[in-house]
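The exercises below ask you to work through a two-chain model by hand, beginning with the interface and moving on to helix packing and sheets. Please attempt each task before reading its solution.

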Amino acid sequence: MRYTLLIALREFEENAKTKGFWIGLFTLPLIMAIGISVSGLLARAEPSRYFVVVDKSGAFAAPIEHSIAWAHQRSVLQALGGYARENLRAGQRPEIDLSANQTAVETFIAAGGKDAYLARLRPMLRENAPKFKEPSRAFVRVDLPKEIDADGSTEAILAELKPYLIGDRRIAVDGGDARLFAALLIEPGAADEAMRGAAGEAAIQYWSTNLTVDNLPDAIHGGLNYEIRRRLYVARGVDVATVREIEATRVRVGAFDPGKAEGTETVSTADRIARYVPVGFVYLLWISIFTVMQMLLHNTIEEKSNRIAEVLLSSVTPNEIMMGKLLGVAAIGLTMVGTWLVTAFTGLQLYQGAGAEVIGPALDAVAASGLIPMFLLCFLLGYLIYAGLFLSAGALCNDLKEAQNLQGPIMLIMMVPLFTMVFINRDPHGTLATILTWIPLYTPFTMMNRAAADPPLVELIGATLLMIATALLLLWSAGRILRIAMLRTGNRPKFAEVVQWIRGRTDA
Amino acid sequence: MNGQVLELENVTKRFGNFTAVHGVSLTIPRGSIYGFLGPNGAGKTTTIRMIFDIIKPTSGRITILGASSALNVRPRIGYLPEEKGLYKAMTAAATVAYFASLKGLSRKAAKQRAHELLERYGLGEFVDAKIQALSKGMSQKVQVICAVAHEPEFVVLDEPFSGLDPVNQQVLEKLIRDLAQRGSTVLFSTHVMQHAERLCDHLLLIVKGRKIFDGTVAGAKGTIPRRVLISTESSIGPLAGLDSVAEIKPLGESPTKPGTKDWEIRLRGQTSAQAILERCFQSGIVLRRFDHSEPSLHDAFVALVGAESLAKEQA
């Protein structure tokens with residue numbers, strides 16, 4: 001055991017000294033830190049985008065403005081929610097809904113908006129709480145540039161607006177200038193056509209070079225639909241206020257999970273998010289196993305190609321070498337994965353961006369779900385299974401170049417869990433999930449993915465036993481291959497020859 | 001096994017249809033420097049790997065320091081393989097300390113010993129240098145130090161001199177003598193006969209997997225007939241009748257002394273060359289050269305291995 005530990009210690013120390021280890025260790029936390037700070041920063045620092053509306057119908061300008069103002073109020077409420085989480089005194093729970101859903105936003109606007117809510121929050125805030133900063137408006141409507149005649153034809157207006165839209169000219173805004181983000185052109189008869197259900201594409205035109213930002217077209221769409229429906233209600237003699245009241249009614253469907261303890265069966269948003277977490281874990285599992293396999297392969301080849309194996313074999317047995325490597329590299333892998341997990345959990349706890357209010361409960365749900373122990377089990381067994389393969393591959397190759405050739409097919413095999421992880425998560429007890437569960441190379445990833453959906457106990461135990469048996473078989477084979485292949489150079493042995501080594505029928 | 005560190009009894013190793021080692025038996029007494037000689041492919045490395053239980057013999061028995069497997073006595077043995085290599089990213093001191101700790105030294109003692117030995121054998125300023133930054137010769141010295149840092153009772157050095165410059169070869173010779181003086185038994189294989197001649201008490205010679213000689217250096221030299229090389233201007237017929245002469249071989253015209261002929265006269269057994277010299281004077285044979293030097297180990301090696309093996313080795 002002493003020799004195994006000495007080898008493990010060397011593997012750990014030497015790998016921990018490599019740049020790759022530190023890059024791997026810090027990349028994920030760094031990306032998360034950048035992501036969190038940048039997303040917060042971007043949310044706060046994102047400049048307003050300017051758009052013009054040429055409404056020749058005279059019907060839609062006001063509803064669109066209203067719709068955009070509503071979207072802004074929602075982002076203010078969201079920011080207030082973040083502000084409250086950061087600055088409320090411990091144990092304080094405000095009786096106002098800061099969740100930013102539709103009803104909450106309506107209530108927020110009706111109550112008087114930001115100032116009214118801040119007045120109610122203030123007594124519960126920490127003493128040194130900073131001032132609340134209202135997020136800037138994402139979209140601001142501006143007037144047509146002066147030189148454009150608003151009474152001209154749509155074509156003429158558009159021709160003059162194009163230089164602004166493509167960035168050749170800039171519009172004057174608050175004493176400065178800015179790029180025009182979008183233009184909405186509405187023909188005179190657009191409202192009537194829309195009410196008849198006959199409006200073509202030309203009646204209402206949205207022009208913008210940026211097609212990925214969809215908040216603005218969505219808000220415009222919302223405003224347009226709101227107004228057209230209002231007009232239709234009036235035209236047909238339906239009381240609009242009654243309709244709005246009815247539209248605000250929401251049916252609630254309680255979702256319950258029979259697998260949860262009695263009294264706690266309600267499925268919350270956090271529970272729903274937690275259901276998707278296994279996909280993240282599969283990805284983490286894949287990345288961590290693949291990363292440590294590279295280390296294992298590299299070290300094994302180094303010992304073979306640099307002729308270190310023979311000195312080692314005069315001091316320790318092939319099994320001690322193998323076990324030492326497995327332990328040392330596993331320790332490296334666990335250090336890395338542990339750091340990633342801790343960072344991910346801490347980072348998500350600190351996250352204040354969109355959807356932050358459900359992250360805390362979702363993390364609690366993940367912590368309580370047994371996914372982390374399952375991840376560790378799958379990591380350990382998956383690591384041993386792939387270690388058996390990669391140790392053998394490393395011992396059979398003469399140098400890194402040869403190993404890279406061999407890695408191609410191994411990589412293809414290893415990609416399957418990534419391709420299938422979303423489908424398995426969606427249908428955790430489906431045919432694909434069941435088949436992949438019983439293919440040992442994919443068992444760790446598939447079981448990880450299915451873990452949140454409570455797979456049958458028989459499958460859980462069966463899959464665990466399968467992983468253990470596969471790991472033992474592959475490691476036992478790797479031990480035999482290692483003993484012979486580590487001292488062999490020259491042509492790579494044929495498959496049949498390797499089988500003979502594994503079966504112990506060899507002269508070496 | 002009182003006075004012996006290693007005993008091989010009728011050890012054979014086959015790889016498929018090829019027999020690398022044929023029934024080799026040998027005994028290495030404690031405290032000796034043992035030279036392990038043989039042409040390429042003779043089975044030296046296979047024998048050494050079997051000694052260290054890295055590969056198993058097909059038949060026969062190996063006893064090392066009284067144990068049936070080298071792994072049972074690993075803290076007491078040291079090994080420098082023919083194909084040398086170290087972890088390139090490790091420092092010289094860490095490398096020596098690591099291998100010493102694998103041989104049973106505590107991590108602290110191993111570190112201390114590493115610094116001490118690197119200093120003693122001229123690598124003091126490279127203790128913290130990575131192996132990849134060292135020259136081939138220096139890293140080979142580090143590896144030799146790795147093999148002996150734990151002060152083993154029995155050390156096997158497979159081709160320790162290959163790749164070393166003359167100065168470092170001397171350092172290595174000193175290291176081997178130091179080991180022997182301290183009471184360690186050293187078995188080393190080499191192609192350079194001068195090293196074996198200078199260092200060894202005993203020699204073991206194997207050819208094509210078979211032991212063909214096992215004894216002292218003097219014994220090895222004694223296996224080849226003594227000879228005299230002479231250059232004369234006249235015939236040497238009168239020498240043929242001498243009892244001490246076994247064979248006279250004409251070597252043709254001397255390349256350095258035109259008009260003279262070279263001869264090789266093989267003596268019978270260990271007889272003296274004095275009688276030949278006397279007969280030359282008596283018969284009026286004009287000698288231009290009379291060379292009766294002791295046979296070198298190289299001569300003995302060539303004679304024992306045979307011209308064919310030599311040709312193969314030189315190729």
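**Exercise 1.** How many residues does the contact take from chain B, and how many from chain A?

Solution. Begin with the conventions: this is a predicted model, in which local features need pLDDT of at least 70 and side-chain atom pairs count only at pLDDT 80 or more, while totals for chains, interfaces and linings use all residues. Residues are numbered from 1 along each chain as its sequence is written, and chains are lettered from A and ligands numbered from 1 in the order in which they are written. Next, take two residues to be in contact if their C-beta atoms, placed from the backbone, lie within 7 Å. With this criterion, the contact draws 24 residues from chain B and 18 residues from chain A. Then assign elements, which are DSSP runs numbered from the N terminus (helices: H or I, at least four residues; strands: E, at least two). On the side of chain B that touches chain A, strand S1 (4–15) and helix H2 (92–102) each supply at least two residues, and H2(B) gives the most, with four residues. Finally, sort that side of chain B by class, where Ala, Val, Leu, Ile, Met, Phe, Trp, Tyr, Cys and Pro count as nonpolar, Asp, Glu, Lys and Arg as charged, and the others, Gly among them, as polar: the division is 15 nonpolar, three polar and six charged.

**Exercise 2.** Describe the packing of H2(B) against helix H3 (residues 107–120) of chain B.

Solution. Fit each axis as a line to C-alpha atoms, for helices over the stretch in contact, and take angles from 0 to 180 degrees between N-to-C directions. The two helices then pack at an angle of about 130°, with their axes 8 Å apart. H2(B) is therefore oblique to H3(B), given that angles under 35 degrees count as roughly parallel, over 145 as roughly antiparallel, 65 to 115 as roughly perpendicular and the rest as oblique. By class, the contact of H2(B) with H3(B) has nine nonpolar, two polar and three charged residues.

**Exercise 3.** At what angle do helix H3 (residues 61–87) and helix H4 (residues 102–111) of chain A pack?

Solution. The angle is about 95°, and the axes are 10 Å apart, so H3(A) and H4(A) are roughly perpendicular to each other. Trp70(A), Gln73(A), Arg74(A) and Leu77(A) of H3(A) meet Ala104(A), Val105(A), Phe108(A) and Ile109(A) of H4(A); the residues of this contact divide into six nonpolar, one polar and one charged.

**Exercise 4.** In which order do the four strands of the open antiparallel sheet of chain B lie?

Solution. Count two strands as paired if DSSP finds at least two bridges between them. The resulting order is S11-S12-S10-S13, with strand S11 (245–253) and strand S13 (287–291) as edges, each pairing on one side only. Strand S10 (residues 227–232) pairs with strand S12 (residues 261–267) over six bridges; within S12(B), Trp263(B) is the bridge partner of Ile230(B), and Arg266(B) stands opposite Arg227(B). Towards S13(B), S10(B) is joined by four bridges, and Leu229(B) has Asp291(B) as its bridge partner.

**Exercise 5.** Which strands make up the open sheet with mixed pairing in chain B, and which helices lie across S3, S6 and S7?

Solution. The six strands follow the order S5-S6-S7-S3-S8-S9. Strand S3 (residues 33–37) and strand S7 (residues 185–189) pair in the parallel sense over four bridges, with Leu187(B) as the bridge partner of Tyr34(B). Helix H1 (residues 44–51) lies across S3, S6, S7 and S8, at about 150° to S6(B), whereas helix H5 (residues 166–181) lies across S3, S6 and S7, at about 150° to S7(B).
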